[in-house]
Amino acid sequence: SEAQSTTDGRFEVFLRFVAGLASPGAARGLEEFLGRFPHQTTCRVLDLVKEEVKRRAGNTEREAGKRSFLNTLHYLFESQNPVLAQQALGSVEILSFRGLGLTPIDCA
């Protein structure tokens, strides 16, 4: 999708929001306003998050790769899904963000 293919970060906050909507707590809270979220859609979002984490975890040698990986960790946080985090990060032994300066949005 366009949101995944841009490299300038303009969709990062949107993708965090979408990952948050896939969390069970958010889905239940919004159900009365938006209706029930289709299970297939939630699964597609979670699969996207898992694949993005795995893909970006292997590209953290440069600052841009570290920043990109950090953004995908925000997706994991927003999803509030420990099983997804284990599946996505299970093979990653060390997370190093040495030399990466944080921006305000990184700390949000």
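This passage describes the fold, one helix pair and several individual residues of a predicted model.

The chain contains 6 helices and 0 strands, and its elements follow the order α-α-α-α-α-α along the sequence. The radius of gyration is 14 Å, close to the 13 Å given by the globule rule for 108 residues, so the chain is as compact as a globular protein of that length. The C-alpha trace spans about 45 × 30 × 25 Å along its principal axes. Of the 108 residues, 32% count as buried. Among contacts with a separation of 6 or more, 66% join residues 24 or more positions apart. The exposed surface of the chain amounts to about 7,400 Å², and carbon and sulfur atoms supply 55% of this area.

Two packed helices are described by the angle between their axes and the distance between the axes. For helix H4 (residues 39-57) and helix H6 (residues 82-89), the axes come within 8 Å and cross at roughly 35 degrees. The crossing of H4 and H6 is right-handed. On the H4 side, the contact is made by Leu46, Val49, Lys50, Val53 and Lys54; on the H6 side, Leu84, Gln87, Ala88 and Leu89 take part. By class, the residues in the contact of H4 with H6 comprise 6 nonpolar, 1 polar and 2 charged.

Two residues of helix H2 (residues 12-21) were examined, beginning with Glu12. Glu12 has a relative accessible area of 13% and is therefore buried, the cut-off for this class being under 20%. Apart from residues up to four places away in sequence, Glu12 touches Arg56, Asn71 and Tyr75. Gly20 also lies in helix H2. With a relative accessible area of 10%, Gly20 is likewise buried. Leaving aside neighbours within four places in sequence, Gly20 is in contact with Ala26, Glu78 and Ser79. The C-alpha atoms of Gly20 and Asn81 are 9.7 Å apart in space, although 61 residues separate the two in sequence.

Gln80 is located in the loop between helix H5 (63-79) and H6. Most residues other than glycine have a negative phi. In Gln80, by contrast, phi is positive, with a value near 50 degrees.

The segment after H6 includes Glu93 and Gly101. Glu93 has a relative accessible area of 79% and is therefore exposed, as this class begins over 50%. The C-alpha atom of Glu93 is separated by 17 Å from that of Val83, a residue 10 positions away along the chain. Gly101 is partly exposed, with a relative accessible area of 42%. Outside its neighbours within four places in sequence, Gly101 is in contact with Arg67 and Asp106. Between Gly101 and Arg67, the C-alpha separation is 9.0 Å, and the two residues are 34 apart along the chain.

Terms used: Residues are numbered from 1 along each chain as its sequence is written. This is a predicted model: local features need pLDDT of at least 70, side-chain atom pairs count only at pLDDT 80 or more; totals for chains, interfaces and linings use all residues. Side-chain values use heavy atoms; hydrogens and water are left out. Axes are lines fitted to C-alpha atoms, for helices over the stretch in contact, and angles run from 0 to 180 degrees between N-to-C directions. Helices (H or I, at least four residues) and strands (E, at least two) are DSSP runs, numbered from the N terminus. A crossing is left-handed if the near helix is turned anticlockwise from the far one by less than a right angle, and right-handed if clockwise. Contact means heavy atoms within 4.5 Å. Ala, Val, Leu, Ile, Met, Phe, Trp, Tyr, Cys and Pro count as nonpolar, Asp, Glu, Lys and Arg as charged, and the others, Gly among them, as polar. The radius of gyration is taken over C-alpha atoms; the globule rule is 2.2 Å times the number of residues to the power 0.38. Buried means under 20% relative accessible area, exposed over 50%, partly exposed in between (1.4 Å probe, protein chains only). Accessible areas come from the Shrake-Rupley method with a 1.4 Å probe; for residues, only the protein chains shown count as cover.
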